[in-house]
Amino acid sequence: SEVSFEEESQKQPAVGHWKPLMPSKGNKEEPEPECQDAGGVDEPQSTEQLNVSRLRSSSVEIREKGSEFLKDELHKAQKELKLKDKECERLSKVREQLEQELEELTASLFEEAHKMVREANTKQAAAEKQLREARGKIDMLQAEVTALKTLVITSTPSSPNRELHPQLQSPSKAGFRKGHGRNKSTSSAMVSAASQNVAAEPVSRECKEVDSILFAEFQAWRESPTLDKSCSFLERIYREDIGPCLDFTKQELSELVRVAVEQNTLTIEPVASQTLPVVKVAAEECSGPKKCALSGLPRTCKHRIMLGDSGNYYYISPSCRARITAVCNFFTYIRYIQQGLVRQDVELMYWEVMRLRREMSLAKLGFYPSEM
């Protein structure tokens with residue numbers, strides 16, 4: 001019967017055999033019973049309904065599977081988005097940190113650059129100042145050298161130039177001199193004493209003989225003159241003359257005097273009568289001009305010394321002044337030789353050095369003229 005039904009259905013399409021599964025909301029009437037064809041019309045209707053229900057169930061299953069798939073994809077996308085947000089946050093923090101470090105580095109570089117510029121400007125200003133001072137000193141020294149050369153050319157031990165040796169001038173013409181300033185030296189006193197005794201005693205000719213050892217030491221020093229006390233020439237003079245001559249009772253002050261003489265920063269000046277009441281601290285500590293600051297003995301002090309630019313004065317006795325003056329005369333002469341200002345024969349220079357050594361020897365033994 002099924003076969004015959006299929007053949008008939010292929011020949012004539014069935015019309016009006018579909019029934020609604022569910023009644024519509026607006027139509028509550030019972031459907032009219034349809035005429036059933038002979039040969040099993042109800043079986044194809046149930047088959048169609050079964051196919052429709054299968055289709056509906058399969059579509060629901062597909063929809064559910066699709067929904068689950070979309071939910072999984074959405075969950076994965078949300079996870080990836082959270083990871084991206086964390087990565088963006090980390091990169092943002094790194095960028096902020098780098099920007100802060102860059103700002104700090106830039107600020108430190110600018111500060112260091114400004115500091116270097118300030119230091120460079122300060123050093124440049126100091127260097128320019130030193131250059132100006134050095135040029136001024138050079139000009140002054142050149143003028144002094146020119147003047148000294150003019151004076152020394154005509155100066156010899158037998159006929160010294162009085163302009164070059166102020167100690168040979170009269171007391172009224174001798175003025176204050178910076179450095180080893182003095183009113184009268186031992187050499188001038190010896191000359192004046194010898195001139196006074198000319199009429200009383202017969203003139204005796206002095207005999208001289210060159211000591212080979214001393215002359216060899218002086219010749220070696222003359223080839224390369226220096227003020228270094230380690231050379232044999234000056235070492236002997238320091239040991240035999242300068243050291244004993246500047247060895248006073250007050251050892252500490254004696255050492256300061258020796259250093260000032262070597263550095264040419266010692267000043268000796270006479271004590272004027274109007275300046276006696278006004279004394280400085282150093283003089284008061286030495287009990288005033290009635291006590292020698294070097295020997296510590298009560299003596300009438302007619303001169304005072306100043307060491308460098310300290311401004312402190314020390315009153316000294318005539319004997320101490322003669323000893324200091326003798327050493328100053330020696331240093332002045334060998335400085336002239338070192339600077340090339342003495343143009344004499346080596347033997348004449350040697351005898352002048354010996355004469356200055358004799359002055360130091362007499363002064364350290366206590367001999368000094370009454371005018372001191």
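Contact here means heavy atoms within 4.5 Å. Keep that cut-off handy for the exercises below, and remember that this is a predicted model.

**Exercise 1. Get your bearings**

Work out how many helices and strands the chain has, and in what order they come.

*Solution.* Start with the count: the chain has nine helices and three strands. Now walk along from the N terminus, and you get α-α-α-α-α-α-β-α-β-β-α-α. Next, look at how the chain folds back on itself. Take the contacts between residues at least 6 apart in sequence: 70% of them join residues at least 24 apart. Last, check burial: 28% of the 372 residues count as buried.

**Exercise 2. Two helices that meet**

Find how helix 4 and helix 5 pack, and say which residues make the contact.

*Solution.* Step one is to locate them: helix 4 covers residues 212-223 and helix 5 covers residues 232-245. Step two is the geometry, with an angle of about 125° and axes 8 Å apart. Angles of 65 to 115 degrees count as roughly perpendicular and those over 145 as roughly antiparallel, so helix 4 is oblique to helix 5.

Step three is the list of residues. Helix 4 brings Ile 213, Leu 214, Glu 217, Phe 218 and Trp 221. On the other side, helix 5 offers Ser 232, Phe 233, Leu 234 and Arg 236. Sort this contact by class and you end up with six nonpolar, one polar and two charged residues.

**Exercise 3. A charged residue tucked away**

Is Asp 241 buried or exposed, and which residues does Asp 241 touch?

*Solution.* First find Asp 241 in helix 5. Its relative accessible area is 3%. Buried means under 20%, so Asp 241 is buried.

Now look at who is around. Leaving out residues up to four places away in sequence, Asp 241 touches Arg 236, Arg 357, Met 360, Ser 361 and Lys 364. Lys 364 deserves another look, as its side chain meets that of Asp 241 in a salt bridge (3.8 Å, N to O). This pair links distant parts of the chain, with Asp 241 in helix 5 and Lys 364 in helix 9, 123 residues apart. Unlike buried Asp 241, Lys 364 counts as partly exposed, at 27% relative accessibility.

**Exercise 4. Follow the charges**

Trace the salt bridges of Arg 239, then find the network they belong to.

*Solution.* A reminder to begin with: side chains of opposite charge can pair when their charged atoms come close. Arg 239 does this with Glu 235, at 2.7 Å from N to O. Both residues sit in helix 5, four residues apart, which is about one turn of the helix. Arg 239 also forms a salt bridge with Glu 240, where the closest N and O atoms are 3.8 Å apart.

Then compare the accessibility values. Arg 239 is at 45%, Glu 235 at 34% and Glu 240 at 30%. Partly exposed runs between 20% and 50%, so that label fits Arg 239, Glu 235 and Glu 240.

Finally, zoom out. Salt bridges that share partners join Glu 217, Glu 235, Arg 236, Arg 239, Glu 240, Asp 241, Arg 357 and Lys 364 into one network. The whole structure holds 16 salt bridges.

**Exercise 5. Into the core**

Identify which residues of the largest nonpolar core touch the most other members, and which element supplies the largest share.

*Solution.* The general idea is that in soluble globular proteins, nonpolar side chains tend to be buried together. In this model the largest nonpolar core has 50 residues, and Ile 242, Leu 266, Leu 294, Ile 324 and Phe 330 touch the most other members. Several elements each supply at least two residues, among them helix 4, helix 5, strand 2 (303-307) and helix 9 (346-364). The largest share, 11 residues, comes from helix 8.

**Exercise 6. A backbone oddity**

What is unusual about the phi of Asn 264, and where does Asn 264 lie?

*Solution.* Check the angle first: phi is positive, about 60°, although Asn 264 is not a glycine. Then place Asn 264 in the loop between helix 6 (251-262) and strand 1 (266-270). With a relative accessible area of 34%, Asn 264 is partly exposed. For contrast, look at Val 261 in helix 6, which counts as buried at 1% relative accessibility.

Notes. Residues are numbered from 1 along each chain as its sequence is written. This is a predicted model: local features need pLDDT of at least 70, side-chain atom pairs count only at pLDDT 80 or more; totals for chains, interfaces and linings use all residues. Side-chain values use heavy atoms; hydrogens and water are left out. Axes are lines fitted to C-alpha atoms, for helices over the stretch in contact, and angles run from 0 to 180 degrees between N-to-C directions. Angles under 35 degrees count as roughly parallel, over 145 as roughly antiparallel, 65 to 115 as roughly perpendicular and the rest as oblique. Ala, Val, Leu, Ile, Met, Phe, Trp, Tyr, Cys and Pro count as nonpolar, Asp, Glu, Lys and Arg as charged, and the others, Gly among them, as polar. Buried means under 20% relative accessible area, exposed over 50%, partly exposed in between (1.4 Å probe, protein chains only). A nonpolar core is a set of buried Ala, Val, Leu, Ile, Met, Phe, Trp, Tyr and Cys residues joined through side-chain atoms within 4.5 Å. A salt bridge is a side-chain nitrogen of Lys or Arg within 4 Å of a carboxyl oxygen of Asp or Glu.
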